Amino acid sequence: MPQKDKDNSWFALGETPYNAELCSNGPIYLIGFMGAGKSTLGRLLAEHLGYRFIDTDFFIENRFRKKVSELFATEGEERFRKKERVIIEELSGFEHTVISTGGGMPVFNNNLCEVMLTSGTVIYLQYTAQELATRLEVCKRTRPKVAHLSGSELQEYVTRELSWRHPIYTQAHLTFFCDWQGCSLPEMELLSPLIRALNSLRK
Ligand code: S3P
């Protein structure tokens, strides 16, 4: 899995296999694995652009008045995924909005191709599996799929899950390489290169 391209660039254009037209009026979607900092970076980006910010997990929790972990426990993952689909369809019509999506949103029910790529600009925040596992160790508590895992179990889960999700995530309009030589940088330091990447895509 690449970390930076051969020019040591921060980003690469998408590997989308079809001609997804860039819909520059629609939302800017940040996608990626759990722990990739989508919400933190999304909030910073929205602030910079003067856009509204929406986190889909938070939006779902408000709409259904239950925590994501409760929805998983009481209704199961499949019903949670159906709710995600309803919500992303609803949000896809928003303008001047940055949306950070739950890590599974783009990879289930064909949401990425059917809803997101055709309604806005999609950016994949990419980290290596190892870095994601390290980051998740400290913030896994609220995430039902990983809360019970630690150490090598967590590392194995992230590696396994990322191996099928990554090829879907890379269909985003743009892949943004978040880790610098295998290390995390503070999200604040990612903001400027992210804005440059976005501008190169939207001009
Ligand atoms: C999930 C990611 C979570 C949340 C749920 C499932 C996933 O969102 O939607 O726990 O399957 O990747 P974050 O990516 O914001 O943690």
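## Exercises on a predicted protein model

Of the 203 residues of this protein, 50% count as buried, where buried means under 20% relative accessible area, exposed means over 50%, and partly exposed lies in between, computed with a 1.4 Å probe and protein chains only. The model is predicted, with local features needing pLDDT of at least 70 and side-chain atom pairs counting only at pLDDT 80 or more, while totals for chains, interfaces and linings use all residues. Residues are numbered from 1 along each chain as its sequence is written, and side-chain values use heavy atoms, with hydrogens and water left out.

### Exercise 1: the overall build

Task: state how many helices and strands the protein has, and in which pattern they follow along the sequence.

Solution. Begin with the rule for the elements: helices (H or I, at least four residues) and strands (E, at least two) are DSSP runs, numbered from the N terminus. Under this rule the protein has 8 helices and 6 strands. Reading along the sequence then gives the pattern β-β-α-β-α-α-α-β-α-β-α-α-β-α. The radius of gyration is 16 Å, close to the 17 Å that the globule rule gives for 203 residues, so the protein is as compact as a globular protein of that length. That radius is taken over C-alpha atoms, and the globule rule is 2.2 Å times the number of residues to the power 0.38. As a last step, the C-alpha atoms fill a box of roughly 45 × 35 × 30 Å, taken along the principal axes.

### Exercise 2: contacts and surface

Task: find what share of the contacts between residues at least 6 apart in sequence joins residues at least 24 apart, and what share of the accessible surface belongs to carbon and sulfur atoms.

Solution. A contact means heavy atoms within 4.5 Å. Among contacts between residues at least 6 apart in sequence, 80% join residues at least 24 apart. For the surface, areas come from the Shrake-Rupley method with a 1.4 Å probe, and for residues only the protein chains shown count as cover. The accessible surface comes to about 9,800 Å², and 51% of it belongs to carbon and sulfur atoms.

### Exercise 3: salt bridges

Task: say how many salt bridges the structure holds, and describe the surroundings of the pairs K83 with E75, E114 with R85 and E137 with K140.

Solution. A salt bridge is a side-chain nitrogen of Lys or Arg within 4 Å of a carboxyl oxygen of Asp or Glu, and the structure holds 13 of them.

- In the pair of K83 and E75, the side chains meet at 2.6 Å, N to O; K83 is buried at a relative accessible area of 13%, whereas E75 is partly exposed at 24%.
- The side chains of E114 and R85 meet at 2.8 Å, N to O. E114 lies in helix α5 (residues 111–116) and R85 in helix α4 (residues 77–91), so the pair ties together parts that are 29 residues apart in sequence. E114 is partly exposed, with 45% relative accessibility, while R85 is buried, with a relative accessible area of 18%.
- For E137 and K140 the distance is 2.7 Å, N to O; E137 is partly exposed at 34% relative accessibility, and K140 is buried at 14%.

Beyond these pairs, E77, R81, E84 and K145 are joined into one network by salt bridges that share partners.

### Exercise 4: the loop between α4 and β4

Task: place S92 and H96 in the structure, and say whether S92 is buried or exposed.

Solution. S92 is found in the loop between α4 and β4 (97–100), and with 18% relative accessibility S92 counts as buried. Leaving aside neighbours within four places in sequence, S92 is in contact with P27, Y29, V115 and S119. H96 also has its place in the loop between α4 and β4, but H96 counts as partly exposed, at 49% relative accessibility.

### Exercise 5: positive phi values

Task: describe the phi values of H96 and N110.

Solution. Most residues other than glycine have a negative phi. H96, although it is not a glycine, has a positive phi of about 50°. For N110, phi is near 60°, again a positive value in a residue other than glycine. N110 sits in the loop between β4 and α5 and counts as partly exposed, at 40% relative accessibility.
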